[in-house]
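Please look at the interior of the model shown here, first for enclosed space and then for the surroundings of one charged side chain.

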Amino acid sequence: NRSHPHHPSMINPAVMPDQVAALVLQAIPDDERLWVPQAPQIHFRPILFNTSHGYWINLLRVQRSGQLNRHLHPAPVFGYVIKGSWRYLEHDWLAREGGFVYEPPGEVHTLVVDDGVEEMITLFHVTGALIYMDENRKPIGYDDVHTKLQLARNHFEATGLGAKYADQFVR
């Protein structure tokens with residue numbers, strides 16, 4: 001009902017000054033500069049950085065085969081496979097196009113895109129951190145909303161878009 005006082009079309013910024021404008025964007029961009037390098041053949045496309053609640057939403061893209069370092073999350077992670085397929089070395093399932101993936105907190109896993117997959121793109125919603133682990137399950141590094149935001153700022157600066165380009169994704 002568009003006449004409801006809290007319908008998005010009825011929001012008055014003078015009445016609700018803390019209301020953040022909607023974020024509507026082309027998720028899979030035409031501009032290759034919007035893919036931030038993370039590792040060889042692995043990039044992420046920022047969608048949203050929520051710095052006050054400690055989460056980020058991005059597309060993860062792996063071109064051809066590749067592997068994301070072994071890691072765990074202290075909070076749940078949600079994913080939706082848009083293109084291609086991937087799996088975890090530690091499991092026997094395969095996440096395919098159209099598949100939803102739930103990663104429980106505390107589980108150590110290694111994301112792999114197998115040979116023969118031309119490109120994998122998955123939307124991930126990550127809360128908290130991504131803690132990289134060595135073969136003995138000892139922490140060796142991490143990413144969180146702040147490190148991901150800084151990676152994006154550095155990349156956008158280097159590609160000529162400017163570091164402030166990343167600010168549009170901050171909520």
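The report below takes up the cavity search, the lining, and then one arginine in a strand.

## Enclosed space

In this predicted model, a search of the whole structure finds 1 cavity of 30 Å³ or more, and the space within the largest cavity comes to about 150 Å³. Rolling a probe the size of a water molecule over the atoms shows where empty space is left.

## The lining of the cavity

A total of 17 residues line the largest cavity, and those that lie nearest its centre are L60, L68, F124, V126 and L130. Two or more lining residues are given by each of the elements β3 (55-63), β11 (119-127) and β12 (129-133), with β3 supplying the largest share, 3 residues.

By residue class, the lining of the largest cavity is made up of 10 nonpolar, 4 polar and 3 charged residues.

## R61 in strand β3

Strand β3, which gives the largest share of the cavity lining, also holds R61. R61 has a relative accessibility of 3%, and because buried means under 20%, this residue counts as buried.

The side chain of R61 is joined to that of E32 by a polar contact of 2.4 Å. When neighbours within four places in sequence are left aside, the residues in contact with R61 are E32, W35, Q41, I42, H43, E119, M120 and I121, so that E32, the partner in the polar contact, appears in this list as well. Among these contacts, E119, M120 and I121 fall in the range of β11 (119-127), one of the elements that give two or more residues to the lining of the largest cavity.

Terms used
Residues are numbered from 1 along each chain as its sequence is written. This is a predicted model: local features need pLDDT of at least 70, side-chain atom pairs count only at pLDDT 80 or more; totals for chains, interfaces and linings use all residues. Side-chain values use heavy atoms; hydrogens and water are left out. On a 1 Å grid over the protein atoms alone, a cavity is a set of points where a 1.4 Å probe fits but cannot get out, and a pocket is an open set with protein on both sides within 12 Å along at least five of seven lines; lining residues have an atom within 4 Å of a point. Grid points are joined across faces, edges and corners, and a volume is the space filled by probe spheres set on the points. Helices (H or I, at least four residues) and strands (E, at least two) are DSSP runs, numbered from the N terminus. Ala, Val, Leu, Ile, Met, Phe, Trp, Tyr, Cys and Pro count as nonpolar, Asp, Glu, Lys and Arg as charged, and the others, Gly among them, as polar. Buried means under 20% relative accessible area, exposed over 50%, partly exposed in between (1.4 Å probe, protein chains only). A polar contact is a pair of N or O atoms within 3.5 Å; within protein, one must be able to donate a hydrogen and the other to accept it, and residues adjacent in sequence count only if both atoms are side-chain atoms. Contact means heavy atoms within 4.5 Å.
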